[in-house]
Amino acid sequence: MLVRDIMSSPAITVRTDTKIPEVARLLRAHDISGMPVLDEAGRLVGVVTDHDLILRNAPIREPRYFAVLSGYIPLNLEEHRHYREQLRHTMAVTAGDMVEPDVPTVTPDTPLEEAMELMLDPKVTLLPVLDEGEVVGVVTRTDLVRLIEQLEGAVDPDAVLAKEEPVLAGLLEVILYVQDMGAMVHFYRDQLGLEVLEPTDTEDYSAESWVVFDAGAVRLALHSGGERRLGEDTPMIVFAVMDIEAARRALIARGVEVGAPFEAAPGVLVCHARDPEGRPIALEQR
């Protein structure tokens, strides 16, 4: 069994400049214990966990010292290390200030046994899953316990391992095609209170083509355009997939008409389909 068989994907991540209150909100909102931290280029820097937040807010205990001439030497080096680490967390402003670097990682094709061995270390509570340097998912203790629960309760464990893999990795995004971008951003951001994920470097959104909001478990994207296009009269729901070609073949085999993949934006591969009543759906490779 491989890591891809149990990993949670797509991964919920934060950037190095994400503020600490937002880190806490995301951990609570998604009921997770940690997240990978990415730099501006999307490369993995490390992870931030609920332990980091607890350490940040726990009472600070100064280490014990003994005086030698005009200096002080800590009595216990581990106490001193813990004190310095807690000070770093207490003074942190962003996820980048609090990040735990040099974390072990795995790939989708890593044998599950290797991932389990890494997580025997009590300090390792999640493993970022990298595919050619990109974070494509995470393996958490909850993922492992879920598998163990299935195996412990299965009459035939081999039947669990042979269970068909899901085609979809989860609902990723809902796209609304809008006519007045400025008015719609005002409604969702200012009146409903959703946070704009991108773009964040402008106040006048009237000329923007795409505006993406953090809507909790999924993203809400507003798209303006002029010409009539798929999904203009009704929202389009977008599902994440790991391999768009494999997912497309699997759905076609089940009788779903799925269009050919195309690059909707640089590095964003999607394909379109419709449900039985004609509503548009899309697959996006993550």
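1. L197 touches V212, F213, D214 and R219, leaving aside residues up to four places away in sequence; contact here means heavy atoms within 4.5 Å. L197 is found in strand 10 (residues 195-198), where helices (H or I, at least four residues) and strands (E, at least two) are DSSP runs, numbered from the N terminus. With a relative accessible area of 38%, L197 is partly exposed; the cut-offs are under 20% for buried, over 50% for exposed and partly exposed in between, with a 1.4 Å probe and protein chains only. L197 and F213 are 16 residues apart in sequence, and their C-alpha atoms are 5.2 Å apart in space.

2. A word on the ground rules, before going on. This is a predicted model, in which local features need pLDDT of at least 70 and side-chain atom pairs count only at pLDDT 80 or more, while totals for chains, interfaces and linings use all residues. Residues are numbered from 1 along each chain as its sequence is written, and side-chain values use heavy atoms, with hydrogens and water left out.

3. Now for the overall picture. The protein chain holds 9 helices and 16 strands. Of its 286 residues, 36% count as buried. Among contacts between residues at least 6 apart in sequence, 55% join residues at least 24 apart.

4. F213 also takes part in ring pairing. Rings of Phe, Tyr and Trp (its six-membered ring) pair if their centres lie within 6.5 Å; planes under 30 degrees apart count as stacked, over 60 as edge-to-face and the rest as tilted. By this rule there are 2 aromatic pairs. In one of them, the ring centres of F187 and Y188 are 4.9 Å apart and the planes stand at 80°, so the pair is edge-to-face. F187 is partly exposed at a relative accessible area of 35%, whereas Y188 counts as buried at 15% relative accessibility. For Y188 and F213 the centres are 6.0 Å apart and the planes at 50°, so this pair is tilted. The Y188 and F213 pair links distant parts of the chain, 25 residues apart: Y188 sits in helix 8 (residues 181-191) and F213 in strand 11 (residues 210-214). Ring pairs thus join F187, Y188 and F213 into a cluster.

5. What are the buried residues of helix 8? They are M181, V185 and Y188. Seen down the axis of helix 8, these buried residues fall within an arc of 80°, so they line one face of the helix; the arc is that of the directions from the helix axis to the C-beta atoms. They pack against strand 9 (171-178), strand 11 and strand 12 (219-224).

6. Helix 9 (residues 244-253) has I244, A247 and L251 as its buried residues. They cover an arc of only 65° around the axis, which puts them on the same side of helix 9. Their packing partners are strand 13 (236-241), strand 15 (268-274) and strand 16 (280-285). The exposed residues R249 and A253 are carried on the face of helix 9 turned away from its buried side.

7. The largest nonpolar core has 14 residues, and V3, L127, V129 and V139 have the most contacts inside it. Such a core is a set of buried Ala, Val, Leu, Ile, Met, Phe, Trp, Tyr and Cys residues joined through side-chain atoms within 4.5 Å. At least two residues of this core come from each of helix 5 (112-118), strand 7 (126-131), strand 8 (134-140) and helix 6 (141-153). Beyond four places in sequence, the residues that V139 touches include V3, I6, M119 and L144. A second, separate core of 13 residues includes L26, L53, A92 and A95.

8. An open sheet of 4 strands has the order 1-2-3-6, with mixed pairing; two strands pair if DSSP finds at least two bridges between them. Strand 1 (14-15) and strand 6 (100-101) are the edge strands, each pairing on one side only. Strand 2 (residues 34-38) and strand 3 (residues 44-49) pair in the antiparallel sense over 5 bridges. V48 in strand 3 is the bridge partner of M35.

9. Helix 1 (residues 20-29) packs on this sheet, touching strand 1, strand 2 and strand 3, and its direction makes about 135° with that of strand 2. Axes are lines fitted to C-alpha atoms, for helices over the stretch in contact, and angles run from 0 to 180 degrees between N-to-C directions. Helix 2 (residues 50-57) packs on the sheet too, touching strand 3 and strand 6, at about 65° to the direction of strand 3.

10. One last residue to look at is E22, which lies in helix 1. E22 is buried, with a relative accessible area of 19%. Not counting residues up to four places away in sequence, E22 touches E195 and D214.
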